Structures are given as structure tokens and as C-alpha cells.
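Reader: Hi, could you walk me through this structure slowly, since I am new to reading them?
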There are 2 protein chains.
Amino acid sequence: MDAIRAAAEKAKEASYRLQDLALELRNDALRSVIEQLQERKQEIVSANQLDLREAQSAGLQSSLLKRLNYDGSKIQESVRQLESLIDQEDPIGRVISRIELDHGLILTRTSCPIGVIGVVFESRPDALIQISSLCIKSGNAVLLKGGSEAKNTNEALAKLIDQAIVGTDNRFKDAVQLLSTREEFRGLLALNDLVDLIIPRGSNELVRSIQASTKIPVLGHAAGVCHTYVHEDADLEMAAKVCFDAKCQYPAVCNAMETLLVHRGIAEALLPRLANDYEKAGVELRGDDPSSKIIKVHPAEEKDWWTEYNDLVLAIKIVGSLDEAIDHINKFGSHHTDAIITKDQTSANKFMDLVDSSSVMWNCSTRFADGYRYGLGAEVGISTSKTHARGPVGLEGLTIYKYRLSGSGQIVADYVGEKARDFTHRKLS
Amino acid sequence: MDAIRAAAEKAKEASYRLQDLALELRNDALRSVIEQLQERKQEIVSANQLDLREAQSAGLQSSLLKRLNYDGSKIQESVRQLESLIDQEDPIGRVISRIELDHGLILTRTSCPIGVIGVVFESRPDALIQISSLCIKSGNAVLLKGGSEAKNTNEALAKLIDQAIVGTDNRFKDAVQLLSTREEFRGLLALNDLVDLIIPRGSNELVRSIQASTKIPVLGHAAGVCHTYVHEDADLEMAAKVCFDAKCQYPAVCNAMETLLVHRGIAEALLPRLANDYEKAGVELRGDDPSSKIIKVHPAEEKDWWTEYNDLVLAIKIVGSLDEAIDHINKFGSHHTDAIITKDQTSANKFMDLVDSSSVMWNCSTRFADGYRYGLGAEVGISTSKTHARGPVGLEGLTIYKYRLSGSGQIVADYVGEKARDFTHRKLS
């Protein structure tokens with residue numbers, strides 16, 4: 001593990017150098033990555049084909065092969081993402097607040113990079129480009145570990161990025177490093193003196209296992225048990241449309257609905273219609289006792305209330321009140337994304353105030369919870385933490401702030417005791 | 001540990017109720033605490049005298065007895081702090097950003113409470129009032145553990161606060177709970193499914209031991225190894241004054257200077273004068289070899305560069321350049337607070353950009369790093385974390401945000417595929 005500590009120490013040193021690289025330099029580095037991607041397309045595609053062939057002989061599932069694939073059109077998509085990232089405002093050096101503590105003693109709070117980020121991601125090689133470029137833009141050093149099935153692609157991409165950014169400015173040396181083994185990443189999780197943040201991009205199991213084995217802050221979510229609650233007064237047409245989208249538009253992802261809560265007063269009008277739509281889409285319904293009296297469902301067990309199916313399965317429960325819906329969501333949900341369908345603003349506000357989730361929604365589909373749709377540009381991930389960054393996280397989640405105090409020789413002794421000077425504490429624009 | 005889980009579950013339920021309590025109610029609760037403190041002053045003072053008598057018989061040091069003391073004038077100080085907290089702006093429900101994703105689909109990011117905070121503090125009973133009131137103002141539930149030597153005072157204060165706030169509104173039930181044993185607090189550290197943030201207020205050893213034994217985010221700092229670097233061109237008068245204040249104004253605290261770095265070009269002019277001032281104040285000097293050729297010092301060892309003396313001891317090192325000073329601070333410091341003395345703005349900016357500390361200062365004393373002096377009102381603590389909150393942390397550090405998306409039946413299926421609608425992503429004021 002000496003090698004991994006050495007890599008992390010190099011990343012820490014790089015992170016210090018990155019702190020004051022001007023925006024133009026960071027953008028130039030990203031432009032150079034774009035150029036290299038276009039020039040060396042064939043090299044990358046060949047490396048990827050090697051991975052694909054090995055994965056095929058190893059009998060990898062076709063869905064995984066599809067995620068592993070990184071061809072010309074995927075490279076173009078990475079280029080488009082890089083271009084859009086270059087256009088984004090500088091997340092670093094932003095003045096968050098300025099206050100005069102006393103005449104000639106000015107306190108400024110400014111955004112700055114976090115430092116060293118450790119990232120583990122599964123399968124998709126485009127994640128390597130996306131996360132590295134977010135780190136470059138935000139002035140962070142990054143240690144990456146990809147899936148072993150994408151080994152050749154990841155190595156080619158990491159080498160390309162390193163050459164592109166170091167070619168732009170030598171201070172980018174060691175800013176993007178690829179770890180080669182799972183053991184190295186495990187070793188990294190122990191280095192809480194050097195690594196400031198861990199971002200896992202992969203299955204819930206991966207996230208949970210990482211959360212359980214590190215003291216470094218982890219940005220991500222282990223589960224996405226999302227709800228839609230249809231209130232008594234909801235527009236039936238809207239409820240049916242939104243509930244269908246939330247479950248069926250892309251069921252394999254974390255912001256898809258897993259449990260539908262329906263107010264008792266609207267259940268008989270809504271459920272038969274919904275059941276019909278869901279049946280056509282092949283959705284298996286698991287309902288509580290009252291719902292089984294209205295539509296045909298498999299009986300739901302308690303574990304259905306906290307299961308993330310990521311599939312065409314839906315749990316259904318009938319509730320007697322808005323309060324009961326809120327309690328159910330706070331008790332069984334994963335604090336990810338939950339929606340209410342209602343015509344009543346007061347009920348909507350109560351729901352959005354009291355449901356303790358990173359995204360709360362009124363009259364729209366839970367599937368909107370996403371960095372791109374939220375206008376954040378690229379997304380680092382969706383966080384269900386209660387500190388630092390919550391919900392879809394973009395560039396801002398890779399920053400923190402520092403206080404800068406500029407004076408003219410002030411000492412604290414002048415502000416204490418009987419003849420103490422007063423602070424002015426005047427907000428500046 | 002069933003009892004402690006039950007307490008944390010009650011706190012979690014309380015935290016859900018607190019989410020939408022109006023500012024006026026939270027302020028009324030604080031006003032009621034003020035009233036009760038004034039009415040029941042004698043009861044609190046008697047409880048404190050019991051603690052003081054027991055501590056005296058147990059042979060507690062006089063400095064600890066002084067910290068334990070909570071008399072009429074200390075109560076008045078708590079009242080003043082509460083009044084100032086009532087005057088502070090609402091940290092909750094603040095709109096951080098608003099963006100139109102599409103016509104009639106509005107995303108609002110608003111500040112909200114974190115949830116359940118666990119706090120452990122040593123000796124000072126006023127910390128109980130201060131932290132509880134910060135939690136009440138910010139809508140968080142809190143589980144508190146004080147030092148056993150202040151047991152009677154803490155119990156009386158916790159009871160008083162509970163009665164005052166529950167008397168104001170029943171929804172404050174279980175919002176402030178006192179844990180009685182160290183084992184209970186240890187048990188709390190394991191409940192990362194219920195507790196969202198831990199704040200330790202006490203010795204570096206306490207903070208380190210808590211950081212090592214929980215997966216819950218910890219807000220605080222384990223060390224304060226602060227530096228002042230005097231650049232070649234510094235004003236001698238100012239340098240002498242600021243360096244004296246940083247070391248001597250209150251040496252027992254985390255933002256006092258522990259290491260003085262002096263540029264080679266100014267060392268012969270500055271050090272004899274400083275040594276003279278420090279000698280009068282009884283400061284022991286430990287210097288590197290070059291400094292020992294200019295003034296009388298004990299030889300510094302490597303461990304002096306990362307030791308927090310919290311006492312009248314100062315390590316001194318002569319450096320050849322600004323870069324060497326920055327490297328030394330990033331390598332040996334604790335990322336707490338570091339200052340440069342220079343006439344040159346470019347050097348000052350480089351120092352403040354590249355020193356990776358929560359507070360970086362130019363031409364003033366490190367002792368200014370403090371929530372009150374920074375105008376934050378009361379302080380939860382000073383954080384050296386690189387995520388969530390950094391530097392002196394006030395009310396804002398007890399908040400996070402949630403995304404609220406309000407629509408009119410929008411579904412994601414309309415925004416994908418060939419006939420996809422475009423998002424407008426228009427910033428709203």
C-alpha cells in the first residue's frame with residue numbers, strides 16, 4: 001500500500017498547485033482533452049474493442065457490454081459534454097460574502113476546490129472523462145478506479161487526459177491518476193489524511209460497501225426508493241400521466257417511482273385506470289389490502305415499502321390522509337425524490353416542507369431529479385446526504401470555501417477589555 | 001443501547017415536526033427560554049453550586065472549576081446571546097436559487113434544517129444553552145452530552161429548556177434531549193441511520209477520538225497549528241505587533257500562533273526585537289539552526305513543526321522564500337488559520353490562494369478567526385473539514401438545502417427522443 005499512499009501524496013501536492021490556476025488555463029486543458037480525443041479516436045476505439053472482445057469471451061451480459069461500449073459516437077458525446085463544461089461559469093474564486101469587520105479589516109468568503117477526490121465507477125468508460133473533466137474545471141486532483149472489464153479503455157483515456165492537461169501546463173502533473181486494482185482503491189479509502197471526498201458511481205451495493213469502509217466523506221446515494229402520492233383532489237388525467245412516467249419511462253434508475261401512495265378518496269377512481277396502463281406496460285403491481293379490493297394486485301409485504309425494484313414492479317398503498325403519506329415516505333423512503341399530485345397549494349407546500357428528501361415535487365414526475373434536467377450541466381451524482389451537497393450535484397459540489405481576512409496590522413488585543421474597539425460588521429456588496 | 005436508539009428515534013420524529021415551524025414560533029421558544037432563565041435563576045445557580053462543591057472535593061483544578069462555574073453573571077451572558085440569536089435572520093427557507101426548467105416547471109433550492117445533531121461538550125454549562133438555542137433557531141433536533149462534572153447544572157438547564165420550548169408549542173417535544181452517560185453518547189455515534197451530524201466541543205483528544213469512532217459527519221477541528229509568515233518586505237512595527245498578539249493575547253486557544261516563519265531577508269532586523277517582547281511575556285522560543293544564530297532559542301526538533309502548544313511556547317523557522325513558507329504550512333499545519341505579513345499585494349494573494357486553510361489572513365492576527373469576530377453571531381465551532389462547512393461555523397452550518405420542483409403535470413417522456421421538448425433553463429430572480 002506504499003504505492004497507493006505515494007499516489008495520494010502526489011495528488012495532494014497537485015491539489016495545492018491547482019488552487020490558483022486561472023480559469024482560462026483550466027479551460028485550455030479541457031480544450032486540449034477535446035483535441036486529443038478527436039485526434040486519437042482510433043487508439044481509444046481499439047482499446048475499447050479489446051475490452052469488448054475479452055468481455056464477450058468471459059460471457060458478460062449484453063446490457064453490460066452495451067455500457068462498456070465506447071465508440072466514435074460515444075466519443076462525440078464526451079466532446080459535447082466537455083464543450084458544455086467549458087462554457088460553464090467558474091466555480092472557483094466566487095465571492096460568497098464580503099463583510100467589513102472594522103475599518104480596513106475586510107473578510108471575504110470565496111469558493112475554492114476541495115482538494116483530492118477519489119472516484120470509483122463501474123463499466124461506463126465515459127464516466128472517466130466526465131468526472132476527470134469536472135475535477136479539472138473545479139481545480140481538484142482526482143484518483144480514479146474504473147471497472148476491470150474496461151481496463152484497456154480506461155488506461156488509454158487516462159493516459160490521453162494526463163498528456164493533454166500536462167501538455168497545457170506542467171502544474172497539472174498528477175492531477176488525474178488512474179488506479180489499477182480494487183485493492184488500491186480499498187487502500188485509498190483508509191487515507192483520510194490525504195483524500196477529502198469519495199464519489200462512488202455504481203450499484204447500491206458498491207455505495208453501501210464504500211460507506212461502510214471509510215471515514216472520508218462519501219457523496220452519493222445508496223438507494224432510490226421514490227414515491228408519488230396522489231392526493232384526494234388530484235386531477236385524474238394528470239395523476240395517471242405522471243404516475244405512468246415516474247414508473248415506466250426508465251424503471252432501472254434511482255429516480256424512478258417504487259411506491260405509489262393513493263388517498264382513499266380517489267383510489268376507486270384512479271386505480272383501475274392506472275392498473276390498466278401499467279398492465280399494458282408489463283408492470284407487476286404489489287398492493288396493500290385495501291387496494292386489492294379495487295384492482296388485481298399481488299399482496300404487498302412490509303419489505304415492499306422499502307425495496308428499490310429498479311424494474312417494472314410497483315408497490316401500491318392506500319392512505320387516509322396527507323399526514324399518513326408524509327409519515328410513510330419519511331419512514332420507508334430513502335430521502336431521494338418524492339412527489340405529490342394535488343390541486344391544492346397548501347397541501348403541496350406542506351408535503352414539500354415536511355417530506356425530508358433531497359428533491360420534493362409537485363405535479364410532475366420524479367424522473368426529473370437529474371443534474372442535466374436541473375440545469376447544473378454535468379452531474380457528479382445524486383446525493384442523499386444531509387451535509388455538504390444534496391440532490392443532483394454538479395460542479396458546485398466539488399467546491400468548498402475559505403475565509404480571507406485582509407487587514408492593516410489589526411490585533412485582537414484592541415478589541416477586548418475596557419477600552420475595546422467595536423467591530424463594525426458591515427455587509428459589503 | 002435500546003434506550004439511546006429510542007431517544008434518537010424520538011429526536012428524528014421531532015426533527016420532522018420542526019421542519020415547518022415558522023420563524024416566529026422558533027423565536028418565541030427562545031424568548032421563553034430567556035424568561036425561564038431569569039425566573040429560575042436561583043434553581044440553576046443552586047444546581048451549579050452542587051457541581052462546584054463536588055468538583056472541589058474531588059480536587060478539580062482551579063482552571064476547570066472556573067469553566068464549570070455558571071453564576072448569575074454567566075446566566076446574563078447566556079440571555080444576551082439568546083437575544084442576539086433571536087435578532088438573526090432566519091437560516092431556514094432561504095431561497096438559494098430559482099430556475100425555470102420549462103414553462104410552468106419551476107425549480108427552487110431552499111435552505112432547510114439538517115435533522116438530528118449530536119453534541120458532546122466538556123465542562124462549560126453555557127455551551128448547553130448556546131448549542132441548544134442554535135439548534136432551535138435552525139429547526140434541528142439535538143441530543144446533548146455534557147461533562148459529568150457539570151451533571152446537576154446540565155440537567156437543570158436541559159429541563160428548563162425542554163419545558164420552555166414545549167410550553168411554547170407542543171411540536172418541540174423531544175427537540176432537545178440530554179444524554180446522561182458517556183456510554184450513551186458512544187452508542188449514539190453508531191446510529192448513522194438516525195443522527196445526521198456530530199459536533200464535539202472539547203479537547204483535541206475528544207475530537208480525534210470521536211472522528212475515529214463514527215461514520216456520521218463530524219464538524220470540528222482536531223488541531224490548531226496556526227502560522228504567521230513574515231515576508232521580506234514586511235513593516236517591522238506591524239510584524240512585531242501582530243506576531244506578539246497572535247502568540248500572547250490568549251495562547252490557550254486554537255487560533256493562537258504556534259509557529260512563526262520569517263523570511264531570511266528580514267530575520268536579523270525582526271527577530272531580536274520580537275525575542276525581547278516574547279521574553280518579557282515569558283514565551284519559550286524553539287528555533288531552527290539559522291534562527292539560533294540571531295537570537296537565543298532552544299533547538300527546535302521536527303515535532304515542533306506540527307505541535308499545538310496551546311501555551312507560551314513558540315516554534316521559529318527561517319525560510320528562503322514565500323514558496324517555502326507556503327509549503328511548510330501546507331505540510332505541517334492543521335489547515336486552520338494562517339497569516340502573512342507583507343506590503344506586497346501579489347505575495348499576499350499568492351499566500352491566500354495557495355495556503356490550504358479554512359482562514360487565510362493578510363496583515364492581521366490569527367486570533368481574529370472566530371465566529372463572533374467574523375460577524376456570524378454565535379459559533380457552533382471552527383471546522384477544518386473540506387466539505388460542508390469550513391472555518392468558524394454559525395447558524396448556516398446547521399442547515400442544508402432541498403430542491404422543490406413545482407409543475408403542472410410535466411413528464412420526462414416529453415423531453416426525450418426525436419420530438420423532445422427543450423428545457424428553457426432560465427434563471428429567475
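Author: Gladly, and one term will help at the start: two strands are said to pair if DSSP finds at least two bridges between them. Please keep in mind throughout that this is a predicted model.

Reader: Okay, so how many bridges pair β16(A) with β13 of chain B, and in which sense, parallel or antiparallel?
Author: Strand β13 of chain B, residues 359–364, pairs with β16(A) over five bridges, and the sense is parallel. Within that pairing, A:Q410 has B:C364 in β13(B) as its bridge partner.

Reader: And how many residues does each chain bring to the contact?
Author: Chain A gives 59 residues and chain B gives 59 residues. On the side of chain A that touches chain B, the largest share is the eleven residues from β16(A), and the residues of that side divide into 26 nonpolar, 20 polar and 13 charged.

Reader: Switching topic, what is the strand order in the open sheet of four strands in chain B?
Author: The order is β5-β4-β3-β6, with parallel pairing. Because β5 (176–178) and β6 (197–201) of chain B stand at the edges with a single partner strand each, one side of each has no neighbour in the sheet. From one strand to the next, the twist averages 20°.

Reader: What joins β4 to β5 there?
Author: Three bridges join β4(B), residues 141–145, to β5(B), and the two run parallel; B:V142 stands opposite B:V176 in β5(B).

Reader: Which helices lie across β4(B)?
Author: Among them is α6 of chain B (residues 126–137), which lies across β3, β4, β5 and β6 of chain B and runs at about 165° to β4(B). Helix α8 of chain B, residues 182–189, lies across β3, β4 and β6 of chain B, at about 140° to β4(B).

Notes
Residues are numbered from 1 along each chain as its sequence is written. Chains are lettered from A and ligands numbered from 1 in the order in which they are written. This is a predicted model: local features need pLDDT of at least 70, side-chain atom pairs count only at pLDDT 80 or more; totals for chains, interfaces and linings use all residues. Axes are lines fitted to C-alpha atoms, for helices over the stretch in contact, and angles run from 0 to 180 degrees between N-to-C directions. Two residues are in contact if their C-beta atoms, placed from the backbone, lie within 7 Å. Ala, Val, Leu, Ile, Met, Phe, Trp, Tyr, Cys and Pro count as nonpolar, Asp, Glu, Lys and Arg as charged, and the others, Gly among them, as polar.
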